[in-house]
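This briefing covers the contact between two chains, one helix pair, one bent helix and two sheets. Please read it alongside the sequence and the model.

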Amino acid sequence: MPRIVSAKKPKNLGYTVRRLLSYMGRHKYSLLAVAVLVVVSVACNLLGTYMISPLINSLVAGGGMSSLIKAVSITALIYVTGVLAALGYSQIMARSSQKVVFDIREDLFSHMQTLPLRYFDSHQHGDVMSYYTNDVDTISDALNNSFSAVVKNGFQIIGTMTMLLVLNWRLSVIVAFSYAAMFLYVRYSARKSKEYYRKQQRSLGVLDGYIQEMVAGQKVIKVFNHEEENLKGFSERNSELQEMGTAAQAYASTMIPAVVSISFFTYTVVSLCGGFMVLGGWTTLGAIASYLVFVRQAAAPINQFTQQSNFLLSSLAGAERIFELIDMKSEIDEGSVTLASAGSGWVWQDGDKRIPLRGDVRFHDVSFSYEKDHPVLRNLSLYAKPGQKIAFVGSTGAGKTTITNLINRFYDVDSGEILYDGIDVRRIKKDDLRRSLGMVLQDTHLFTDTIRENIRYGRLDASDEDVEEAARIANADSFIRRLPQGYDTMAVADGANLSSGQRQLLAIARAAAANPPVLILDEATSNIDTRTEDLIEKGMDRLMEGRTVFVIAHRLSTVRNANAIMVLENGEIVERGDHEELMAQKGRYYKLYSGMFELT
Amino acid sequence: MNDLKRLFTYLGPYRRDIILACLLVLIETCFELIIPAMMADLIDTGVASRDVGYMLLKGGEMAFAAVLALFSGLAYARFAARAAYGWGARIREAEYSKLQSYAFSDIDAFETSSLVTRMTSDITVMQNAINNGLRPVVRAPVMCLLGIFFSFSMNAQLALVFIILTPLLGFGLFVIVRRVAPMYSVLQRTVDGLNNVVEENLRAIRTVKAFVRGEREKYKFGNVNASLRDTGTKTNSTAVLNLPFFQAVMYACVLMLMFFGGSMILQGTLMVGELTGFLSYVMQVLNSMMMLSNVFLLLTRSLASAERISEVLDRESALREKDNPVTTVKDASVEFRNVSFKYSPDASENVIDGISLYIKDGETIGILGGTGSGKSTLVQLIDRLYDVSEGEVLVGGVDVRDYSLVTLRDAVGMVLQKNLLFSGTVRENLLWGNKDASEDELWRALDIAGASGFLRSFPKGLDTDLGQGGVNVSGGQKQRLCIARTLLKHPRILIFDDSTSAVDTATEKHIREALAQLRGVTKIFIAQRISTVMSADRIIILDDGRLSAAGTHDELMRTSDIYREIYSSQMKGGTL
């Protein structure tokens, strides 16, 4: 199967920021409240500090104890307001930031569910996991800490700048230049480190994938004594990550010291110039002294501002990756025909037309390839009438699994068409199409839940009795009852506590619970021992009654009573017919069959 | 805290970088404190006495100090980044090597996704603690102590305000941090839960799509997501309490100073200038306390991560080697002596129950048995993928637990039932068996495994990219590649655990015949099909973990009901 390399879009910081802001926009009022409260809190802080000078002035002017008490009371009132505002905005922010990441995660996961299978074939699980484990995490951290800090410090910077301009506009030109220098440097190092942050996130994803794969493959690793080599592979990826991380952080960490140093330079220049202005009689010593206090204070919010932008940066790299995924094309679903229940059966609803669901499947001249110039199916035509059992036989890689992947539209045909009850499958809504098909896949996947719930996965509204009945059909009932907690036994870690035969029995039970008109059985019986298989066959026969069934199996026993057997080779049907006909043809099927018999 | 301490031992060569980084912050802080003093000189002395030369001199000194501060700051950035990421990489590597020594029970105890977060995001948290915590942790105490010192020397009476409020602030911040710390562990566990749901979804994506269960998956995810949101909200809303609390204390401090300072000014015992100077020191001291509390929050968060990392590092692997292990395997005989096994000590029933069996050097053994009869488990005891619960397994007459693992596993080649290929090319995967294998050897192994045919039809041949978990080849092709990979090891004991189940019958026959040509190798076949094992020297029938019958095909046809039953059911189906 192909590995699809998704085209990298131009990295657009502005776009990412706007997109992230739109998420926050969903909690407009909370954010507005945060902004207002932050402003109140900053204003109270400045106002409270400002109160010191009228207090001192009045004391110097000879005001007594009463004016002191009055001033202190007013200040206390201002401060209490400030504390309450701070309490308010920090609490609101703590809540709405969680809501924002909740929304992002929700969108991310929902969108992931709509991506085509090709995406999952071509991306390592670890890579995808990394969206949740790393990227969302950094966004959440940034929102928790950085958003209110940025508003607060932004407001403080503006406030201080205004004060400075009012106090001495000439000197403020110098300060303005210094601010500009700070911002320029911050932007430069931000751009630099962002580049590395992105590389760092990517290496982290790669490493994630490596660990996942190696943990899953522990048994193989041990069997081959491959620990040393793997450690080497791990170290390579680890060093790569270390290198990128160090580079990103080295750039990012220069921000604060650089800003601090620039502020020292400004301080120096302003002191000197201010000194000369005093000498030249432009201003007074006292005025310069207070001006310098403000200049010194001005560095702090800028410092904070840069520090927080540090966090924001790494989160933006993460946000960018997330939005790239959310923007990825969903599985195409242009179908309009839906499935509706009608009395005891189901019908296709095609506009006003109602076509009873019978399970008639036809392939017309179907060609398909996973990779260009590498056809898997060539001009394949076949039909399955309602209630017929169609079996596919052929060597591995002949295209058997692919045929079933086309019926349920895991993939779409390159040319030709597949008709389901006379309707092109591409015209049927995907969900409804798949709901009408029962699948027993090659690999059984169990979810962390009880055995009962895992069977119920086939039909969510199945009652406990239905579940047990389905298990009985698949002959899974007896082994389930022998489990420590019976149907309530938990399946853990993809069913590692069950044998592969047992897992397959569960997959069959799941399909039985779904009770679909068309069944697709993909090499399902190959891993079950013959005694169990014998039981399954009986159950299967019961299950297959009245349904159209596609079987891909190695056991010619399951194939023998099929209405039609298709022998596939290199994506083409080389023989077709029922068992007797094919045996009489003495072709490939006959050779397969008798070839095996020869062994006895 | 101990976890953190022991993780710091992983600094290794980066210890130097972190010490240098601390020193550089210290230097920077000193400049920060010196520069205002120089400024005061410039204004108070220079400007007041109209001495331009002195002004320029002081200005020059300030500029020089600023340059030095810049360089020490830039150097700090380099060293701190190197230390943080070097440290993280070393811990990760230690975790990974530890992981490799784990027995399966150990891995099961953690779950895959949790192991991954313990190696990635937990370490990121630790690195962030250094990246963001190092500066304040050095600066804050210096600023705090100097501030207190200066304020006391200015006015000891006013400074008493500190004595009351600083401990109060410290205590309050401590209480908040104490409450938040355990919440972070809960939070991390919730994160793990969410990751599990995502991972499971990824793995089972075909099932999800086939059953149109996207909505249900979203619902499931929505639940864990909501619980993560709630836990996150609870944790963070507690953690952010420290800001208003700090402000309250700071403002209280300012108010008290205003009041007492004001009264002192009224009494004439305090100068106005002194009060404003004093206030700036108060800010400095309280600010540094706040900085410290932020660092503590960062640390508590990283404590939860440190603990999780330590759990990985500290876990005693259930699989141990003897001190002086045997490093040669005398012969390829295998003996089970009264072996019993269960996966966990508290399981009620044995999976393998009292099996005794001797397999001669060079013998070919077939094992049959129903689902869950213990076939796979039995053979995995041979190369110590699991250790027996009772009895012993001997290879070449020596207990397998006495061998070094490398020796034992080199001698035993096993094609697992749930087999895996890894990302990379076919060639890379085959070289797992023998990294020095020549082109010829590779093709010979592929010939035996019946894989050379389809590989030759691939345009890139041995260099075909397999994709993750070998998704680019079919199940049967995967099994054949796995067989070839094992053959390349040239093991003395070869075990096939139902490893041709997805291979078509003609190819399987070819493989079986080719394998029969291998001489001097003990071969064990676990199979579902009688045809696979019929020609074996002996066939073993397992039933419910016990040895039910053993003998040649003909003997078993005569003596074993189970065997006859299997035989007739397979004959009927024509699958033999």
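Two strands pair if DSSP finds at least two bridges between them; strands (E, at least two residues) and helices (H or I, at least four residues) are DSSP runs, numbered from the N terminus. The model is predicted: local features need pLDDT of at least 70, side-chain atom pairs count only at pLDDT 80 or more, and totals for chains, interfaces and linings use all residues. Residues are numbered from 1 along each chain as its sequence is written, and chains are lettered from A and ligands numbered from 1 in the order in which they are written.

**Sheet in chain B**
- β6(B) runs parallel to β7(B) (residues 493–497), with four bridges between the two strands.
- Within this pairing, Met414(B) lies opposite Ile495(B) of β7(B).
- Both strands belong to an open, mixed sheet of six strands, ordered β6-β7-β8-β3-β9-β10.
- Its edges are β6 (412–415) and β10 (546–551), each paired on one side only.
- From one strand to the next the twist averages 15° (axes are lines fitted to C-alpha atoms, for helices over the stretch in contact, and angles run from 0 to 180 degrees between N-to-C directions).

**Sheet in chain A**
- Three strands, in the order β1-β2-β3, make an open antiparallel sheet.
- β1 (338–342) and β3 (353–356) are the edge strands, and the twist averages 35° from one strand to the next.
- Five bridges join β1(A) to β2(A) (residues 345–350) in the antiparallel sense; Ser341(A) has Trp346(A) as its bridge partner in β2(A).

**Contact between the chains**
- Chain B contributes 136 residues and chain A 138 residues, where contact means C-beta atoms, placed from the backbone, within 7 Å.
- On the chain B side, helix α3 (residues 52–100) gives the most, with 24 residues.

**Helix pair α4(A) and α10(B)**
- α4(A) (residues 65–114) packs against α10(B) (residues 242–267) at about 170°, with the axes 9 Å apart.
- The two helices are therefore roughly antiparallel (angles over 145 degrees count as such, under 35 as roughly parallel, 65 to 115 as roughly perpendicular and the rest as oblique).
- Contact residues include Tyr79(A) and Gly82(A) of α4(A), and Tyr251(B) and Phe259(B) of α10(B).

**Helix α6(A)**
- α6(A) (residues 125–167) has 43 residues and spans 60 Å from its first C-alpha to its last, close to the expected 63 Å (1.5 Å times one less than its number of residues).
- A kink of about 40° is centred on Leu143(A) (the bend is the angle between axes fitted to the seven residues ending there and the seven starting there).

Notes:
Two residues are in contact if their C-beta atoms, placed from the backbone, lie within 7 Å.
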